[in-house]
Every structure is written in C-alpha cells, then in structure tokens.
Amino acid sequence: MSTAPAYTVVLDWLERQLRSGELRVGDKLPAERTLAEDFGISRASVREAVRILAAMGLVRSATGSGPHSGATVISDPSAALGWALRMHIATRSLPVADVVSTRVLLETQSSLDAARSDVPERTAVLEQATALLDRMDRPDVADAEFHCLDAQFHFQLASLGGNVVLETIMASLREATIGYVQETVAATSDWPGVRAGLQHQHREILRATLDREGELAARLLREHILWFYALVPDETGGTGSE
C-alpha cells in the first residue's frame, strides 16, 4: 500500500479548520516553520502543500515580510476548476461535445430558476447584462474583449438563479472552453457575421429573461450554445455538428 505524501497532512488540517470555523476566508495560515514543526514534516513539504492549495484556489501567497506576507485563505473555486477542466480537455479525455452538453444543461436550468427567483440584485444584474451587450455592439471592441464580455454576460444571467454551486461550475466551464472558442473564431471565414448573429441571440435571450419567460430563455440558450458549437472544427476538418 502506498503512503500518502507528507504534504497531505496540511491539506487535511486546513479542511478541518475551515469546517470548524477556526479559519475563515481572509485569515492567514501559520508560518511555514510553525506548520512544519506542528506536523513533523519538512518545510519543503509545507511549501508543496501551499502550492497545491494555491492551485485549488484556496490560498494566495505573498513573499517578503510584514502583514501582507505569507499565505492567506481565499475562495476562488471556479478558477481552479476551470484550469483543471481546460487541461483535461486538451488531453482529449474530456470531449468538448460533452462539455458543451453539460453547459447546455446548466445554463438552461439556470434560466428556468431565474424566471422563478427574486434575488435582491436582480435589477442590477440585468442592467449590467444589458450594459455588457451594449459594449459588445461597439465595432471597436476587439475579439478578445468580445469573448470576455460574452462570458460575463452568460455568468450574469446564471447568477439570477441564486445557485452558487451552479454559478461556480458554469464559470469553470466557460474558462475551460476558451480554447475551442478561439479555434472556432480562427477557422471562421465570416467572423463579423457570426459575431452579429451571437449578439442577436444574446438580445433575444436577455429579452426573455427580463420578461421572466423561463421556458423561452432556456430554449434560446440551448439553440445559441449549440449553434456556435456547430461551427467548431473537429479533428478531421469538419465542424462540431458533423
């Protein structure tokens, strides 16, 4: 039977501390030397634990001395999940088609939830979503910024459902599919036409969301996501719908 790496004792300890409330987001971890002495492990093992926790989106490290140095507890789950999914998509162990299908399930469910939900920030979120589309309409917005604003728009609508876990997973999926979005744009001969089509679809989705027409918004979202995915070139030079 293989022995767990020494650094796992720090991960287990932090989980217990977070669960019990002894540590919270914003708190500092004990010094590297203190953790090494407390757990009887090397400082190199403690550093490895901190690196892994940083990759998980659970701590942020700052070098130097003073009140801002050391490792601070944070919570950024979508970034960590996004990079993990992105790498596994690159290995082709997670097919893009399955990732897209999962995104359809999550976003359509979120639109149904949003129609019934009354989160306090609903008006502000919808105003922000409208402002994002207004900016995306500007011809001077570069493609990279357009994609970033596109992702923000979808995330804003997802937040209306009030499900934090769904929001986190959806944000991770958006991060994970950056590669196929970029490949699609590069392979598209009429990107300006595609961009205009995406904006038209965004406006229809927003209108249905504003009117609390959950079923319509869900249908429009599904068509929107699958329409773009159909443009994705596959390994044989065809598209995702072939």
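This report describes the cavities, one pocket and two helix pairs of a predicted model.

**Cavities and a pocket**

The model holds 2 cavities of 30 Å³ or more. Their volumes are listed below, together with that of the second largest pocket.

| Space | Volume | Lining by class |
|---|---|---|
| Largest cavity | about 80 Å³ | 5 nonpolar, 4 polar and 1 charged residues |
| Second largest cavity | about 40 Å³ | 4 nonpolar, 3 polar and 3 charged residues |
| Second largest pocket | about 460 Å³ | 13 nonpolar, 5 polar and 4 charged residues |

The wall of the largest cavity is made of Glu107, Ser110, Ser111, Ala114, His154, Leu157, Ala158, Met170, Thr209 and Leu221. Two helices, α5 (96-116) and α7 (143-159), each provide at least two of these lining residues. The biggest share comes from α5, with 4 residues.

Around the second largest cavity stand Ser111, Ala114, Ala115, Arg122, Ala208, Thr209, Arg212, Glu213, Gly214 and Ala217. Here α5, α10 (191-210) and α11 (214-229) each supply at least two residues. Again α5 gives the most to the lining, with 3 residues. Ser111, Ala114 and Thr209 are found in the lining of the largest cavity and also in that of the second largest cavity.

The second largest pocket has a volume of about 460 Å³. It is lined by 22 residues, of which His147, Ala151, Arg174, Ile178 and Val181 are the closest to its centre. Two or more lining residues come from each of α7, α8 (164-176), α9 (178-187), α10 and α11. The helix that gives the most to this pocket is α7, with 8 residues.

**Helix α5 against α11**

Helix α5, which contributes to both cavity linings, also packs on α11: the angle is about 160° and the axes are 8 Å apart. The two helices are therefore roughly antiparallel. Their crossing is right-handed.

On the α5 side, the contact is made by Val96, Ala97, Val100, Arg103, Val104, Glu107, Thr108, Ser111, Leu112 and Ala115. On the α11 side, the partners are Gly214, Glu215, Ala217, Ala218, Leu221, Arg222, Ile225, Leu226 and Tyr229. Sorted by class, this contact has 12 nonpolar, 3 polar and 4 charged residues.

Some of these contact residues belong to the cavity walls as well. Glu107, Ser111 and Leu221 take part in the contact and are among the residues that line the largest cavity. Ser111, Ala115, Gly214 and Ala217 take part in the contact and are among those around the second largest cavity.

**Helix α6 against α10**

The second pair is α6 (residues 122-136) and α10, whose axes come within 11 Å and cross at roughly 165°. These helices are therefore roughly antiparallel to each other. In this pair the crossing is left-handed, whereas that of α5 and α11 is right-handed.

From α6, the residues in contact are Arg122, Leu126, Ala129, Thr130, Leu133, Asp134 and Met136. They meet Arg195, Gln199, His202, Arg203, Leu206, Thr209 and Leu210 of α10. By class, the contact of α6 with α10 divides into 6 nonpolar, 4 polar and 4 charged residues.

This contact also shares residues with the cavity walls. Arg122 of α6 and Thr209 of α10 are part of it, and Arg122 and Thr209 are both in the lining of the second largest cavity. Thr209 is in the lining of the largest cavity too.

Terms used
Residues are numbered from 1 along each chain as its sequence is written. This is a predicted model: local features need pLDDT of at least 70, side-chain atom pairs count only at pLDDT 80 or more; totals for chains, interfaces and linings use all residues. Side-chain values use heavy atoms; hydrogens and water are left out. On a 1 Å grid over the protein atoms alone, a cavity is a set of points where a 1.4 Å probe fits but cannot get out, and a pocket is an open set with protein on both sides within 12 Å along at least five of seven lines; lining residues have an atom within 4 Å of a point. Grid points are joined across faces, edges and corners, and a volume is the space filled by probe spheres set on the points. Ala, Val, Leu, Ile, Met, Phe, Trp, Tyr, Cys and Pro count as nonpolar, Asp, Glu, Lys and Arg as charged, and the others, Gly among them, as polar. Axes are lines fitted to C-alpha atoms, for helices over the stretch in contact, and angles run from 0 to 180 degrees between N-to-C directions. Angles under 35 degrees count as roughly parallel, over 145 as roughly antiparallel, 65 to 115 as roughly perpendicular and the rest as oblique. A crossing is left-handed if the near helix is turned anticlockwise from the far one by less than a right angle, and right-handed if clockwise. Contact means heavy atoms within 4.5 Å.
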